[in-house]
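Thanks, everyone, for making the time; I would like to talk through some side-chain contacts today, and I will try to keep the claims no wider than what was computed. Please have a look at the sequence and the model before I go on.

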Amino acid sequence: MNDTEIIFIEENEANLRLDQLLAARFKGIYSRTYFQKLIEQGLVLINGNPAKKRFVPVINDEIEVEFAAEQTSEILPENIPLDVLYEDDDILVINKPAGLVVHPAPGHWTGTFVNALIYHCKDLEGQETSMRPGIVHRLDKDTTGVLIAAKNTYSQTRLIESFSKREVKKLYLAIAIGNPGKQIINAPIGRHPVHRQKMAIIETGREAISHIETLSVKEKLSLVQVDIKTGRTHQIRVHLCSVNAPVLGDALYGSKSANEKFRAGRQMLHACMMRITHPRSGEVMEFNAPLPEDFRSFFFL
């Protein structure tokens, strides 16, 4: 079984509590108590947001589960340098580098953003009870750019609600192989029916909308701005691949030959801007992350 599994709620499961539903789905493999622990640790997401134990899903809800191994030791603070874009008593905003895993998980118990966050914020709330203290959204390991964390439970709850209600504006830049032009991609995304480590555009998937605009073209590469209206797993990578313009350096959805030709060491995806409503003050705030050097080198930016 993969470390992560995505399922969709079927009609006969709609009235079941989440922990009960998951125990039934994986009967004989994991217990209800195990799933209760995963939910408490923030390792179960409902439509991209951390779940609550007593939550009752509805038909077609997307449930993402990380099957964490039992960890016997606590999450320790680590002095990992952070490129801080903004900080106050409630939130911390950083420019995430490539290679930084956001939260502890099997194979990455140390060296994560959470380890750095605990070190940086000495009195961070929730670090004794959660595997994801302060985490309100995620970026893939190799994706760079704006990453926001909450420094207390109140702010974390408010920000998670904002992401869930699509009140957060997110812009990404990608280097694509080919030229997708300017278009709106409205295509549902779900788990690939055969290759379980991949996502795919499928009829039974969840709504996924991406506004695509090519900003610059050089040789066979394009600098593309992506305004995502939904936040599905691997959404940008799947959508660009679907229009024959996969993200350069993407080992899962991209072109191996092009990745080698252009010597792309990672998927070239950057969260360049995020606009939120501050969880306490209500002020609208916008954060921008400068392009990393490997991005700039392709277009001499």
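What follows is a short walk through the aromatic rings, a charge over a ring, and the cysteines.

Let me say at the outset that this is a predicted model, so please hear each value as computed from it.

The structure holds 5 aromatic pairs, and I will take two of them in turn. Tyr 30 and Phe 35 make an edge-to-face pair, with 5.9 Å from centre to centre and 70 degrees between the planes. Phe 35 also pairs with Tyr 34, again edge-to-face, at 5.5 Å between the centres and 70 degrees between the planes.

How do these residues stand with respect to solvent-accessible area, buried or partly exposed? Phe 35 counts as buried because its relative accessibility is 0%, and Tyr 34 is buried as well, at 10%, whereas Tyr 30, at 25%, counts as partly exposed. Stepping back from the individual pairs, ring pairs link Phe 26, Tyr 30, Tyr 34 and Phe 35 into a cluster.

Turning to the charge over a ring, Lys 122 lies over the face of Tyr 119, at 3.8 Å from the ring centre.

Finally, the cysteines: how many disulfides does the model contain? The count comes to 0, taking a cut-off of 2.5 Å between cysteine sulfur atoms. As for the surroundings of individual cysteines, Cys 121 is buried, with a relative accessible area of 4%, while Cys 241 counts as partly exposed because its relative accessibility is 29%.

Conventions:
Residues numbered from 1 in each chain as written. Predicted model: local features only at pLDDT ≥ 70, side-chain atom pairs only at ≥ 80, totals over all residues. Heavy atoms only, no water. Phe/Tyr/Trp six-rings, centres within 6.5 Å; stacked < 30°, edge-to-face > 60°. Buried < 20%, exposed > 50% of the residue type's maximum accessible area, 1.4 Å probe, protein only. Lys NZ or Arg CZ within 6 Å of the ring centre and 35° of its normal.
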